[in-house]
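Subject: Structure handover

Hello,

The sequence and structure are placed below for you to look through. My notes follow them.

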Amino acid sequence: MHLYIPREKLPKAVVPYQFDKRSKGYQRITLVDHTTGSVHQAVGICELQPGGSVDYCLHTNEEGIYIIEGELELLRDRKAFRLSKDDYALVPYGIPHAYRNRGQVVARWFEISAPQPKASGQWEDTFFFDTVWPEDVSKPDAED
């Protein structure tokens, strides 16, 4: 089976149910998940408005992200990184992380999650924690 969705028929960007009360200015367009026949992965395009944030959380899946436009700050395992266009990152299974956008433009990124997050009404797979962002936010070191 092949899946093709023309740009003009992309699903509407929505706040994923897990983040309804745990994010500000965050939305996701789901391209592939259980609703399109995928068993193992979810793929989407996420966006975070200027001043927006996604609370510190961990998932029972890993998350790969690729920045399409804007700048996104990633707090991963208590270290903060500033990612910009063409940067990418991996958030391994069970590693706490958060996002925020302190820039002036919308940050957009391509995201793939495996295994895919559970649908609303299934068992919880995202857990939230309180945290404080460190003062130092730096570009990732490609050599590290």
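Among contacts in the protein chain between residues at least 6 apart in sequence, what percentage join residues at least 24 apart? The figure is 68%. Please keep in mind throughout that this is a predicted model.

Overall fold

The protein chain has zero helices and ten strands. Read from the N terminus, the order of elements is therefore β-β-β-β-β-β-β-β-β-β. With a radius of gyration of 15 Å, close to the 15 Å that the globule rule gives for 144 residues, the chain is as compact as a globular protein of that length. Along the principal axes, its C-alpha atoms fill a box of roughly 45 × 35 × 30 Å.

Of the 144 residues in the chain, 38% are buried. The area exposed by the chain is about 8,900 Å², and 53% of that is supplied by carbon and sulfur atoms. As for charge, there are 17 positive and 22 negative charges, and their mean positions lie 5 Å apart.

Cores

In soluble globular proteins, nonpolar side chains tend to be buried together. Here the largest nonpolar core has 16 residues. Y26, L48, I65, L72, Y99 and W109 are the members with the most contacts inside this core. Two or more residues each are given to the core by β2 (42–59), β3 (62–69), β4 (71–76), β6 (88–91) and β8 (107–114). The largest share, four residues, comes from β2.

L72 is worth following in the viewer. Leaving aside residues up to four places away in sequence, L72 touches L48, I65, I67, F81, R82, L83, Y99, R100, A107 and W109. Apart from the largest core lies another one, of six residues, including L75, A80, W133 and V137.

The segment before β1

K12 sits in the segment before β1 (23–32). Is K12 buried or exposed? It counts as exposed, because its relative accessibility is 68% and the cut-off for exposed is over 50%. Not counting residues up to four places away in sequence, K12 touches R28 and I29. K12 and C57 are 45 residues apart along the chain, and their C-alpha atoms are separated by 24 Å.

Backbone points to check

Three places in the backbone are listed here for your inspection.

- The peptide bond from A114 to P115 is cis, with omega near -10°. P115 is found in the loop between β8 and β9 (126–128).
- R78 has a phi near 70°, a positive value in a residue other than glycine. This residue lies in the loop between β4 and β5 (79–84), and R78 counts as exposed at 53% relative accessibility.
- D86 has a phi near 75°, also a positive value in a residue other than glycine. The loop between β5 and β6 holds D86, which is partly exposed with a relative accessible area of 45%.

Why does R78 count as exposed while D86 is partly exposed? Exposed requires over 50% relative accessible area, and partly exposed is the range between 20% and that value. R78, at 53%, therefore counts as exposed, whereas D86, at 45%, is partly exposed.

Regards

Note on methods: Residues numbered from 1 in each chain as written. Predicted model: local features only at pLDDT ≥ 70, side-chain atom pairs only at ≥ 80, totals over all residues. Heavy atoms only, no water. Core = buried A, V, L, I, M, F, W, Y, C linked by side-chain atoms within 4.5 Å. Buried < 20%, exposed > 50% of the residue type's maximum accessible area, 1.4 Å probe, protein only. Contact = heavy atoms within 4.5 Å. Rg over C-alpha atoms; globule rule 2.2 N^0.38 Å. Areas by Shrake-Rupley, 256 points an atom, 1.4 Å probe, with all protein chains shown as cover. Lys, Arg positive; Asp, Glu negative; His and termini not counted. Charge placed at Lys NZ, Arg CZ, Asp CG, Glu CD.
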